[in-house]
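Here is a walk through one protein model. Keep the sequence and the 3D view side by side as you read.

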Amino acid sequence: MSNPLDTNALKARQQAAWASGDYAVIGTTLQLVGERLAEACDLRWDEQVLDVAAGNGNATLAAARRGCRVISTDYVPELLKRAEDRARAEHLNVEFQVADAEALPFKDATFDAVVSTFGVMFAPDQAQAARELARVCRSGGRVGLANWTPQGFVGQMFKTLGRHVPPPAGALPPSRWGDEEQLRAMFDGEIGAMDVRCQQFNFRYRSPAHFIEVFRTWYGPVHKAFAALSADASAALESDLTQLLNESNLAGASSLVVPSDYLEVVIMKR
């Protein structure tokens, strides 16, 4: 019989990965996604909004720019500090709090909207994270999510990483959050209405080599994957990532533009 997944150990491993490098270097390029999600959720002035697994605060800033009262949370303090710096630069009044997506320190039905962009999808216990998002959202409120799809570029990038550095046995792929059927199952019983749209984000870099250099240096999961491999194994991973980037590139040989599909989801809580 196989051993059950140790979600606490996996969470500690993930925290170390996201704290390595500097996700904010990548995260700031994704700001458009937070703005789109804020509009999709129809966020309104003075609404209470919780950003879960906020990273460096894209959805946080988008909500605060629309006059919402925002609490921004993540389990990596270093990322919240970068988000706080950004909010301060814009003179936005945001509360920042270290918190685990699987055990949110808030009462039931506290928030008008609960949002997450490419964040909560990485929680080890996916069912528990979904329960927590729904629990702290009021009836008639909205849960807004942006999640990479399994078929899109980022989903394929994580599959490539997994072939070279296999995830722990029993770990569910984060890209399940980018599958509408799986989401409906996770939020079963909580959905009053659910709007799902496939969106695209374009990664823009000089070349595949430039993309790999940036992600290898700053993006925690890629940084950790390369760090775990020998020189020969690192070269093999780099080759596979280069092939994926070349196959996905819309810009030809002169530059790199790689579209990546994600689901933009707005759940009206029952």
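Start inside this predicted model. The second largest cavity has a volume of about 70 Å³. Aromatic names appear in its lining, among them Trp18, Tyr23, Phe118, Phe122 and Trp148. Ile26, Leu30, Val154 and Met157 also line this cavity. Helices α2 (23-27) and α7 each give two or more residues to the lining. By class, the lining holds 12 nonpolar residues, no polar ones and no charged ones.

How many cavities of 30 Å³ or more does a search of the whole structure find? The search finds two. The largest cavity has a volume of about 310 Å³. It is lined by 25 residues, and Ala53, Asp74, Tyr75, Gly119 and Val120 are the closest to its centre. Both α1 and β2 supply at least two residues of this lining. Helix α1 gives the most, with three residues. Here the classes are mixed: 14 nonpolar, seven polar and four charged residues.

Now turn to the open space. The largest pocket holds about 810 Å³. Its lining counts 32 residues, and those nearest its centre are Arg13, Phe158, Pro167, Pro174 and Pro221. The elements that give two or more residues to this lining are α1 (7-19), α7 (153-164) and α10 (220-227). The lining has 23 nonpolar, six polar and three charged residues.

Next comes the sheet. Strands of a sheet pair through backbone hydrogen bonds, either parallel or antiparallel. This sheet is open, has seven strands and shows mixed pairing. Read across, the order is β3-β2-β1-β4-β5-β7-β6. Why do β3 (94-98) and β6 (191-205) each have one side without a neighbour in the sheet? They stand at the edges, each with a single partner strand, so one side is left free of a neighbour in the sheet. On average, neighbouring strands are turned by 15° against each other, direction ignored.

Look at one pair in detail. Strands β4 (residues 111-117) and β5 (residues 137-148) run parallel, joined over six bridges. In this pair, valine 114 stands opposite valine 143 of β5. Helices pack on the sheet too. Helix α3 (residues 31-40) touches β4, β5, β6 and β7 (256-269), and its direction makes about 25° with that of β7. Helix α5 (residues 77-89) touches β2 (69-74) and β3, with its direction at about 175° to that of β3.

Finally, a record. In an unreviewed entry, UniProt places the feature "domain: Methyltransferase type" at residues 50-143. The end C-alpha atoms of that span lie 10 Å apart. The span is 34% helix and 29% strand.

Note on methods. Residues numbered from 1 in each chain as written. Predicted model: local features only at pLDDT ≥ 70, side-chain atom pairs only at ≥ 80, totals over all residues. Heavy atoms only, no water. 1 Å grid on protein atoms, 1.4 Å probe; cavity = no way out; pocket = protein on both sides within 12 Å on 5 of 7 lines; lining within 4 Å. Points joined across faces, edges and corners; volume = space filled by probe spheres on them. Helix = DSSP H or I, 4+ residues; strand = E, 2+ residues; numbered from the N terminus. Nonpolar A, V, L, I, M, F, W, Y, C, P; charged D, E, K, R; others polar. Pairing = 2+ DSSP bridges. Axes fitted to C-alpha atoms, helices over the stretch in contact; angles between N-to-C directions. Contact = heavy atoms within 4.5 Å. UniProt positions renumbered as here; feature names shortened; annotations may be inferred.
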